[in-house]
Amino acid sequence: MPDEPLPPTPPGPVDPNRDEGQGSVVAERKLARVQPPSLYQVVLLNDDYTPMEFVVMVLQEYFKRDLETATQIMLKIHHEGRGVCGVYTRDVAATKVELVLAAARRAGHPLQCIMEAA
């Protein structure tokens, strides 16, 4: 039975004798490396008019600090001119800045809150 055709070859390992350049396409998979999001510090700045109690309240309400931690941060702001309230992704930090500034305006205080790259 020499005239009988050969059965089709099942897919398997690549034949090392096969010429890859004739009509075949080789796709290479590149691993996508996702960068972690940039982080930003939310910073309160000292002024001579905003009451210390208001700053402590802001730290408790908007940054979820307990009374002792909020008081320590407030004293740092008072003595050093600025204090970091927390470190967040860009959108969260921007939202917290806006919430603090709005609360200060409503209360009639000139408290300044900024964000900067961590």
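**Exercise 1. The surroundings and faces of helix 2**

Find what covers the buried residues of helix 2, and work out how these residues are placed around the helix axis.

*Solution.* What covers the buried residues of helix 2 includes strand 1, helix 1 and strand 2, as seen in this model, which is predicted. The next step is to name the residues concerned, and in helix 2 the buried ones are Ala70, Ile73, Met74 and Ile77. They lie on the same side of helix 2, because the arc that they cover around the axis is only 100°. On the face turned away from this buried side, helix 2 carries the exposed residues Glu68, His79 and Glu80. As for its length, helix 2 has 14 residues and reaches 20 Å from its first C-alpha to its last, which is close to the 20 Å expected at 1.5 Å a residue.

**Exercise 2. The length and packing of helix 1**

Check the span of helix 1 (residues 52-63) against the expected value, and then find which elements its buried residues pack against.

*Solution.* Begin with the span: helix 1 has 12 residues and should therefore cover 16 Å at 1.5 Å a residue, and since its end C-alpha atoms are 16 Å apart, the two values agree. Then list the buried residues of helix 1, which are Phe54, Val55, Val56, Val58, Leu59, Tyr62 and Phe63. These buried residues pack against strand 1 (39-45), helix 2 (67-80), strand 2 (82-89) and helix 3 (90-107). Finally, look just past the helix, where Lys64 follows helix 1 with a positive phi, near 55°.

**Exercise 3. The nonpolar core**

Identify which residues have the most contacts inside the largest nonpolar core, and say which element supplies its largest share.

*Solution.* The largest nonpolar core has 23 residues, and those with the most contacts inside it are Leu44, Val58, Leu59, Phe63, Val100 and Leu111. Strand 1, helix 1, helix 2, strand 2 and helix 3 each supply at least two residues of this core, while the largest share, seven residues, comes from helix 1. To follow one residue in detail, take Val58, which touches Leu44, Phe63, Val100 and Leu111 when residues up to four places away in sequence are not counted. As a general background to this exercise, nonpolar side chains tend to be buried together in soluble globular proteins.

**Exercise 4. Strand pairing**

Determine in which sense strand 1 pairs with strand 2 and with strand 3 (residues 112-117).

*Solution.* Strand 1 and strand 2 pair in the antiparallel sense over seven bridges, and one partnership to locate is that of Leu45 with Arg82 in strand 2. Strand 1 and strand 3 also pair in the antiparallel sense, over six bridges, and here Leu44 has Cys113 of strand 3 as its bridge partner.

**Exercise 5. Salt bridges**

Find how many salt bridges a search of the whole structure gives, and describe the residues that form them.

*Solution.* The search finds two salt bridges. In one of them, Glu80 is joined to Lys76, with the closest N and O atoms 2.8 Å apart; both residues lie in helix 2, four residues apart, about one turn of the helix. Glu80 counts as exposed because its relative accessibility is 55%, which is over the 50% cut-off, whereas Lys76, with a relative accessible area of 38%, is partly exposed. In the other, Glu116 forms a salt bridge with Arg82, the closest N and O atoms being 2.4 Å apart. This pair links distant parts of the chain, since Glu116 is in strand 3 and Arg82 in strand 2, 34 residues apart. Glu116 is partly exposed, with a relative accessible area of 25%, and Arg82, at 34% relative accessibility, also counts as partly exposed.

Key. Residues numbered from 1 in each chain as written. Predicted model: local features only at pLDDT ≥ 70, side-chain atom pairs only at ≥ 80, totals over all residues. Heavy atoms only, no water. Expected span 1.5 Å × (residues − 1). Buried < 20%, exposed > 50% of the residue type's maximum accessible area, 1.4 Å probe, protein only. Contact = heavy atoms within 4.5 Å. Pairing = 2+ DSSP bridges. Salt bridge = Lys/Arg side-chain N within 4 Å of Asp/Glu carboxyl O. Core = buried A, V, L, I, M, F, W, Y, C linked by side-chain atoms within 4.5 Å. Arc of directions from axis to C-beta.
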